[in-house]
Amino acid sequence: MIAPVFDDKSDARCLLEMTYGTSLRVVSINGVGQTLLGVSQGDLISHLDDARLTPEFSARLIDEVQSCFVDNSTRSYQILHQGQGQPVRLNISLVPVTDPVATTYRVLMLLREYVPFHHFDESSASREQMFCNLVENSPDTIARYDRECRRCYANPAFVRQSGVALSRLIGFTPSEVPGGDEMKAYEARVRSVLEQGAEQQYELSWLSEEGVERCSLIRLSPEYDAAGQVSSVLAVGRDISEVDQYRRRVHVLANYDAVTGLPNREMFYSRLRQEIATAREAHGSVGLIILDFDHFKVINDSLGHVAGDCLLREASERLKHCLQHDEFVARLGGDEFAIILPDCHERDRLGHVPQLLIEAFGEPFELHEREIFVTASIGISRYPQDSRQIDDLIKYADSAMYSAKSRGRSEIAYYEKGLTTGVTERMMLEGELRKALERNELELYFQPKIELVHQIIVGSEALLRWNHPQLGLLTPDRFITLAEETGLIIEIGDWVFRRACEVAVEWNRDEQKLHTVAINLSPRQFVGKDLVSTVCEILEQTGCSPRWIEVEITESLLLDDQPSTRRALNKLSELGIRIAIDDFGTGYSALNYLTRFPIHILKIDRSFIERITTDRNCEKLVKAIINLARSLRMTLVAEGVETKAQALFLENLGCHQVQGYLYARPGPKSEIEGSLLNLASWTLGRDYRDEGDGE
Ligand SMILES: Nc1nc2c(ncn2[C@@H]2O[C@H](COP(=O)(O)O[C@H]3[C@@H](O)[C@H](n4cnc5c(=O)[nH]c(N)nc54)O[C@@H]3COP(=O)(O)O)[C@@H](O)[C@H]2O)c(=O)[nH]1
């Protein structure tokens, strides 16, 4: 390693060798060294006594080298040397060079002419001035730290950036002034450069006095004294705050969701990978939860995307509150969230957290000054019980979530073998639903509606069925959401409307016997395509009177006072079509829409009817709904009446119409026609509104 150091042409260098601790010889001397000493290489390749050096020079050198040898340390001294002309004062440093050969000891001699300040010539003085200007005017911060890591120089840029007076900076270490944890770490780095003598780069971040985050990229270069020892560290820092902010922004965009601020899918994957690796090493477990809102699309379509985003943000906050510090929640996209529970087994978090999450949705969400109830379905998979593979765990939690959805709202499902076939089925159904219309596989079933006072059939609800070639008869819960999500509901909805009108025409041939057919409309049918034009076209083509038709919509459609929805409903009402609110009483607590929209019928949800004879609160609620309907002069229909007791109860409370298995299950047209004949009730259906308040 001596050669490159020794060949350096800028310094005078000479390699000395001492044998057996006494005899000293010159091994080599570079050109600068020869000039400075006024000797040639040939003169010196001998014992020093023979060389053309003064006896004082040689004696002092031998003395100093022996001292080096004794404690194997660096020595520095000054000596007057009589060269070829004027005597020169030399600064000499002796640096021991470890030599593997035990009998010889080598020392590197560095020679530098001592130049007192007044001997500087004009050019070196102006050069000094130039460097001084550069340093003092540099936009980069420049500081020097001594061996104790105390600042011994700071340029104006440094003073400006630190916001601390120069007098407070000089003589202090970074951890003393300005101080703080970041500065402690920085000081440790400066000290390591002082110890190891190797250049390093360091990114220093701190908060400015104005509370703004700043960042500097600092090059820490060791500086050596004449003895070759690191005497100080020069720290040149460039302000990269702007770059840092841009870098952070990119990091946020790449790893966080813009709507909720939660980690996104990418970050979720890397966190899950990390947790599984930790669990693998520690023989631990990880729980994965996938949570999806129920009917979010309907809310989004009916209330608009701004409200949808508000809901996502509020829900994210609620989810975060259910979790402990080491648990993790991410938004995967749409209304799908993922939660990672490390060590879930030990702490039984998997038994607890899903329930907390469901409860978090128990309170209504306030959107545009309205209260909206939203529920969520939850699917769970576990590492390592269900799988050791990340992709499998995600797939399994997803299948469990779909299984929860198929059971209804607010459900929790753990992954079980065989569930994945559910997801495959969903994908398969999507492809086949597209062809179902062409293949004539869709069919309308009908369920009669009975007027309670006279016990006569006044109409039927059209309920869609899919005669699937392999899976048999499918009810809407298997495919309506899918149709809504894929947009197929528009085409299917048109088909339903047309078919229902055709049947209404048949069942109302005898003008004396009014039989209304109720058609379910999805909120998606109100978005985009002109629903009213389609309805008018179908009515005209089928010859159906609007009086024979009712449309059933859900409350969610009315919550956002969309002008287009209001216009469509007003036009349908003006045509003579009656409008019913389906599943009334579930989900939404804002009722003022009842006065703003043309609503004619309220259908009380069957969950209330189910408990009406056993639950006092339920009874009170149904009574209140009946009174509300009466005061608004609306027809009231109770859904899901299964027992005579329920029917009697409803009749006593003054409910107008009922529908349920007690009278008839939904069936194909021909079957319903049979029961209609049997009931011999093709008499004139009566409208409570036409009769006043019906009291
Ligand atoms: N957009 C469209 N939605 C539709 C269409 N056809 C149906 N639907 C929606 O699917 C929901 C479920 O329908 P279905 O599975 O047919 O269930 C109906 C009845 O079978 C059931 N019902 C009726 N009486 C009883 C009973 O006594 N007990 C009991 N457990 N269930 C009963 O209720 C459903 C009818 O209820 P409702 O519509 O609320 O009046 C259906 O609710 C529609 O939302 C379509 O063409 N387009």
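This is a friendly dialogue about reading the predicted model shown above.

Reader: Where should I begin? How many helices and strands does the chain have?

Author: Begin with an inventory. The chain contains 27 helices and 27 strands. Then look at burial: of its 695 residues, 32% are buried. Contacts come next. Among those with a separation of 6 or more, 56% join residues that are 24 or more positions apart.

Reader: Now the sheets. In what order do the strands of a sheet stand, say the one that holds β13?

Author: To read a sheet, walk across it from strand to strand. Here the walk goes β12-β13-β11-β16-β17, an open sheet of five strands with mixed pairing. Two strands, β12 and β17 (412-414), are at the edges; each has a single partner strand, so one side of each lacks a neighbour in the sheet. On average, neighbouring strands here are turned by 20° against each other, direction ignored.

Reader: How many bridges join β13 to β11, and how many to β12?

Author: Take the two sides of β13 in turn. On one side, strand β11 (residues 286-293) runs antiparallel to β13 and is joined to it by seven bridges. One place to look is L291, which stands opposite F337 in β13. Strand β12 (residues 328-333) also pairs with β13 in the antiparallel sense, over five bridges. In that pair, A338 of β13 is the bridge partner of A330, and E336 of β13 has G333 opposite.

Reader: What links β12 and β13?

Author: Follow the backbone from the end of β12. The two strands form a hairpin with two residues between them, and G334 in the turn has a positive phi of about 50°.

Reader: Why is β13 described as largely enclosed?

Author: Count its buried residues. A residue is called buried when 20 or more other C-beta atoms lie within 10 Å of its own. In strand β13 (residues 336-342), six of the seven residues are buried, so the rest of the structure largely encloses this strand. There is also a helix to find here: α15 (residues 349-360) lies across β11, β13, β16 (376-383) and β17, and runs at about 165° to β16.

Reader: Which strands make up the antiparallel sheet that starts with β7?

Author: Walk across again. This open sheet has five strands in the order β7-β6-β10-β9-β8, with antiparallel pairing. Its edge strands, β7 (151-154) and β8 (200-207), each pair on one side only. Neighbouring strands in this sheet are turned by 25° against each other on average, direction ignored. Inside the sheet, six bridges connect β6 (residues 141-146) with β10 (residues 230-239) in the antiparallel sense, and Y145 stands opposite V233 in β10. Helix α9 (residues 181-196) packs on this sheet, where it touches β6, β8, β9 (213-224) and β10; the direction of α9 makes about 165° with that of β8.

Reader: Which residues touch the most other members of the largest nonpolar core?

Author: To read a core, look for the residues that link up with many others. The largest nonpolar core has 65 residues, and A500 and I519 touch the most other members. Helix α19 (residues 489-507) supplies the largest share of this core, nine residues. Leaving out residues up to four places away in sequence, A500 touches L444, A462, V517 and I519. A second core of 44 residues is separate, and L288, I299, L312 and Y415 are among its members.

Reader: Which residues are closest to the ligand?

Author: Picture a shell around the ligand. It holds 23 residues, the closest being L463, L464, P476, N520 and G660. Two elements, β19 (456-468) and β23 (578-584), give two or more residues to the shell, and β19 gives the most, with three. By kind, the shell has eight nonpolar, seven polar and eight charged residues.

Reader: One last case, E673: why does E673 count as partly exposed?

Author: Again, count neighbours. Partly exposed lies between buried, at 20 or more C-beta neighbours, and exposed, at 12 or fewer. E673 has 15 C-beta neighbours inside 10 Å, so E673 is partly exposed. You will find E673 in helix α27 (residues 669-679). For a link across the sequence, compare E673 with F446: they are 227 residues apart along the chain, while 9.5 Å separates their C-alpha atoms.

How values were computed
Residues numbered from 1 in each chain as written. Predicted model: local features only at pLDDT ≥ 70, side-chain atom pairs only at ≥ 80, totals over all residues. Helix = DSSP H or I, 4+ residues; strand = E, 2+ residues; numbered from the N terminus. Pairing = 2+ DSSP bridges. Core = buried A, V, L, I, M, F, W, Y, C linked by C-beta atoms within 7 Å. Contact = placed C-beta atoms within 7 Å. Near = placed C-beta within 6 Å. Nonpolar A, V, L, I, M, F, W, Y, C, P; charged D, E, K, R; others polar. Axes fitted to C-alpha atoms, helices over the stretch in contact; angles between N-to-C directions.
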